[in-house]
Amino acid sequence: MPLKRLSVTGVRNLQPVTLHPSPRINLIHGANGSGKTSLLEAIHLLGLARSFRSTRLQPVIRYGEQACTVFGEIAQRSGVTNSVGITRSKEADYQIRMDGQKVRSLAELAAALPLQLINPDSFRLLEGAPKQRRQYLDWGVFHVEHQFLPAWQRLQKSLKQRNSLLRRGRIQRSMLQPWEIELVAAGEQLDAFRQAYLQQLKPVFEDILAQLVPLEDLTLSYYRGWDREKPLAQVLDEQFERDTQLGYTQAGAQRADLRLRYRGMNAVDVLSRGQQKLVVCALKIAQGYLMKQHGAQQDCVFLVDDLPSELDEHHRRALCSLLENLECQVFISCVELATLRECWKTDTPVSMFHVEHGHIVQTEDVWE
Ligand SMILES: Nc1ncnc2c1ncn2[C@@H]1O[C@H](COP(=O)(O)OP(=O)(O)OP(=O)(O)O)[C@@H](O)[C@H]1O
């Protein structure tokens, strides 16, 4: 049971509130503009110290308030409960505390409350820049491979140094070597982690996708960021002149990508929006299953904003059933509660929260 208790103060239009969510399904319903997404945003803030709607935290703070605070009690799989609080004031950067101690690394926070967001912007995973698919992939690797973070940090550092030397221009090839040794070692390690992860993810993804939508010809493949046939050191050597002209490193693990193709074409060019949404959902749910299989420190919490939109009843039910079978905590927002009616087994604990002008009230079962 991940989020046992959630307190939110000063977030968007929400009135200060404390909730005791269900360990499984939580339905957040209310009219447009009532504050449903803001509640999901508050949970996102707790797990990642940032919003999914705006790059800055300032707009999240309620008009006229000086700060916003989200506090949560998070039950770990081990049975330990962590108290996590995040405050962001208008003047200062955010402050995060876990069990009374200042948290310095966001990785610590992310490990305590792994979040998967499915919202209308999730389509961008297919149509957007490679960075988003790389982030998706690395989210999964981070949660199952403890050596991922140090390797990733090593890559970022060596890449930054190499690029800053490249930008100087007129440099000796030998000046780059110490950083290239690092870049190659970290890049190859990341590549190995990503490949191993993808090998496990693929069958799970295919199985989940088949339960959602019949797209047997959809393929998921991985591009490691440089020529498959050549070692990275050789590619860096060959591309040195061009890298110098461009002022950055073209090849390496920082360019890795996932490719989704349908019948030989880019999936995004041929699939309908509803199908794309289902593919993205399958990708994200597959990561939740994989985390469970790996016995990660914590199960993943799903935040699903406006689930019913663009999905017909059949696909909506299929998606709810997959989320339910995952046995994770899920927060789903919707305008009409009726659209998610009868989607759940009778023994699944479902809690409902009605949001009206920023007031959140837990409602009783309305199914009868
Ligand atoms: N900083 C802020 N302070 C107060 N209110 C805000 C702030 N930022 C946004 N709002 C308002 O908060 C309200 C809630 O927005 P939110 O996106 O959470 O609604 P929603 O219930 O998800 O709506 P929809 O169904 O249309 O997606 C909106 O009316 C918005 O204008």
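**Exercise 1. The shell around the ligand**

How do the residues of the shell around the ligand divide into nonpolar, polar and charged? Establish also which residues lie closest and which helix contributes most.

*Solution.* The model under study is predicted.

Step 1. The shell around the ligand comprises 15 residues. The closest are N13, N32, K36, T37 and S38.

Step 2. By class, these residues divide into four nonpolar, eight polar and three charged.

Step 3. Helix 1, residues 36–48, gives the most to this shell, namely three residues.

**Exercise 2. Two positions of the annotated binding site**

Determine the place, the burial and the contacts of G35 and T37, both of which belong to the "binding site" feature in UniProt.

*Solution.* Step 1. An unreviewed UniProt entry places the feature "binding site" at G30, A31, N32, G33, S34, G35, K36 and T37. The same type of record, again unreviewed, places "domain: RecF/RecN/SMC N-terminal" at residues 3–359. That span is 43% helix and 21% strand, and its end C-alpha atoms lie 20 Å apart.

Step 2. G35 lies in the loop that joins strand 3 (25–30) to helix 1, whereas T37 is found in helix 1 itself.

Step 3. A residue is buried if 20 or more other C-beta atoms lie within 10 Å of its own. G35 has 26 C-beta neighbours inside 10 Å and therefore counts as buried. T37 has 21 such neighbours, so T37 is buried as well.

Step 4. Neighbours within four places in sequence are left aside. On that basis G35 is in contact with R12, N13, L14, G30, V355 and G358, while T37 touches D305 and S333.

**Exercise 3. The two faces of helix 5**

Compare the span of helix 5 with the expected one, and assign its buried and exposed residues to faces.

*Solution.* Step 1. Helix 5 covers residues 148–168, which is 21 residues. At 1.5 Å a residue these should span 30 Å, and the end C-alpha atoms are 31 Å apart, which agrees.

Step 2. The buried residues of helix 5 are F148, A151, W152, L155, S158, L159, R162 and L166. Seen down the helix axis, the buried residues fall within an arc of 140 degrees, so they line one face of helix 5.

Step 3. The face turned away from the buried side carries the exposed residues P150, Q153, Q156, K160, S164, R167 and R168.

Step 4. The buried residues pack against helix 4 (130–144), helix 6 (173–212) and helix 8 (240–246).

Step 5. Helix 5 is followed by G169, which has a positive phi, near 70 degrees.

**Exercise 4. A residue of helix 8**

Is E241 buried or exposed? State where it lies and how far its C-alpha atom is from that of R173.

*Solution.* Step 1. E241 has its place in helix 8.

Step 2. A residue is exposed if 12 or fewer other C-beta atoms lie within 10 Å of its own. E241 has 9 C-beta neighbours inside 10 Å and so counts as exposed.

Step 3. E241 and R173 are 68 residues apart along the chain, yet their C-alpha atoms are separated by 9.5 Å.

**Exercise 5. Helix 10**

Describe the span and the burial of helix 10, and the residue just after it.

*Solution.* Step 1. Helix 10, residues 273–293, has 21 residues and reaches 30 Å from its first C-alpha to its last, close to the 30 Å expected at 1.5 Å a residue.

Step 2. Helix 10 is mostly covered, with 15 of its 21 residues buried.

Step 3. Just after helix 10, G295 takes a positive phi of about 60 degrees.

Conventions: Residues numbered from 1 in each chain as written. Predicted model: local features only at pLDDT ≥ 70, side-chain atom pairs only at ≥ 80, totals over all residues. UniProt positions renumbered as here; feature names shortened; annotations may be inferred. Helix = DSSP H or I, 4+ residues; strand = E, 2+ residues; numbered from the N terminus. Near = placed C-beta within 6 Å. Nonpolar A, V, L, I, M, F, W, Y, C, P; charged D, E, K, R; others polar. Expected span 1.5 Å × (residues − 1). Arc of directions from axis to C-beta. Contact = placed C-beta atoms within 7 Å.
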